[in-house]
Amino acid sequence: MGEKAKSVEEYLSALDPEYRAELERIRALVTKLVPDTEETISYGMPTLKYKNRALVYFTASKKHMSFYPSSWAIEELRDQLKNYKTTQHAIQFTLDKTLPIRLIEDLVRVHVREIDANKQ
């Protein structure tokens, strides 16, 4: 992407159609699980906020996509993430090895729980 997107829709519309479809799948899944999210762009990435805090970020690059649920969620569910490249804050995945629905749900639920507990 050349210019920085000003909305989630603008970000997604500039992606390769296959990447767009995968990130839209994640977006729909998270918003179904946590209906009172707010969409924004933060750090140049599509972001879903919950209770005015970032719940998840998601992004695409040339060779992979990334999902940022929270370092707490990644740490708690590390055993379920052993087949993915992870950093402290991100999970990298590809179109050949996408994130399963159940894993996304589990990651989001952990972060919602932590936000509800006001963990900082």
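**Figure 1. The hairpin of β1 and β2 in the predicted model.** In this predicted model, strand β1 (residues 38-42) runs antiparallel to strand β2 (residues 45-50), and five bridges join the two strands. Among the residues of this pairing, T40 has T47 of β2 as its bridge partner, while E39 is matched in β2 by L48. Two residues lie between the strands of the hairpin, and Y43 there takes a positive phi near 55°. As for its surroundings, β2 is mostly covered, with five of its six residues buried.

**Figure 2. The hairpin of β2 and β3, with the residues of its turn.** On the other pairing of β2, four bridges join this strand to β3, and the two run antiparallel. Within the view, T47 stands opposite Y57 of β3, and T47 is also the bridge partner of T40. The hairpin of β2 and β3 has two residues between the strands, and K51 takes a positive phi near 50°. N52, which is placed in the loop between β2 and β3, likewise has a positive phi, near 65°, although N52 is a residue other than glycine. With a relative accessibility of 61%, N52 counts as exposed, because the cut-off for that class is over 50%.

**Figure 3. The open sheet and its edges.** Six strands form an open sheet in the order β1-β2-β3-β4-β6-β5, with antiparallel pairing. The edge strands of this sheet are β1 and β5 (85-86), each of which pairs on one side only. Further along the order, β4 pairs with strand β6 (residues 91-93) in the antiparallel sense, over three bridges. Within that pairing, the bridge partner of S66 in β6 is Q92.

**Figure 4. The aromatic cluster of Y43, Y57 and Y68.** The count of aromatic pairs in the model comes to two. One of them, formed by Y57 and Y68, is edge-to-face, with 6.1 Å from centre to centre and 80° between the planes. This pair links distant parts of the chain, since Y57 belongs to strand β3 (residues 53-60) and Y68 to strand β4 (residues 65-68), eleven residues apart. Ring pairs link Y43, Y57 and Y68 into a cluster, and Y43 is the residue that takes a positive phi near 55° in the hairpin of β1 and β2. At 16% relative accessibility, Y57 counts as buried, whereas Y68, with a relative accessible area of 22%, is partly exposed. The two tyrosines therefore fall into separate classes, because buried means under 20% relative accessible area and partly exposed lies between that value and the cut-off for exposed.

**Figure 5. A lysine over the ring of Y84.** In this view, K97 lies over the face of Y84, at 5.3 Å from the ring centre.

**Figure 6. The second largest pocket and its lining.** The volume of the second largest pocket is about 200 Å³. Its lining is made up of 13 residues, of which A54, Y57, S70, H89 and H111 are the closest to the centre of the pocket. Two elements, β3 and α3 (71-76), each give two or more residues to this lining, and β3 contributes the largest share, namely four residues. By class, the lining of the second largest pocket contains eight nonpolar, four polar and one charged residues. Y57, one of the residues closest to the pocket centre, is also a member of the ring cluster with Y43 and Y68.

**Figure 7. S70 in the loop between β4 and α3.** The backbone of S70, which is placed in the loop between β4 and α3, has a positive phi of about 160°, although S70 is not a glycine. With a relative accessibility of 10%, S70 counts as buried, because this value is under the 20% cut-off. S70 is also among the residues closest to the centre of the second largest pocket, to whose lining α3 gives two or more residues.

Definitions and conventions
Residues numbered from 1 in each chain as written. Predicted model: local features only at pLDDT ≥ 70, side-chain atom pairs only at ≥ 80, totals over all residues. Heavy atoms only, no water. Pairing = 2+ DSSP bridges. Phe/Tyr/Trp six-rings, centres within 6.5 Å; stacked < 30°, edge-to-face > 60°. Buried < 20%, exposed > 50% of the residue type's maximum accessible area, 1.4 Å probe, protein only. Lys NZ or Arg CZ within 6 Å of the ring centre and 35° of its normal. 1 Å grid on protein atoms, 1.4 Å probe; cavity = no way out; pocket = protein on both sides within 12 Å on 5 of 7 lines; lining within 4 Å. Points joined across faces, edges and corners; volume = space filled by probe spheres on them. Nonpolar A, V, L, I, M, F, W, Y, C, P; charged D, E, K, R; others polar.
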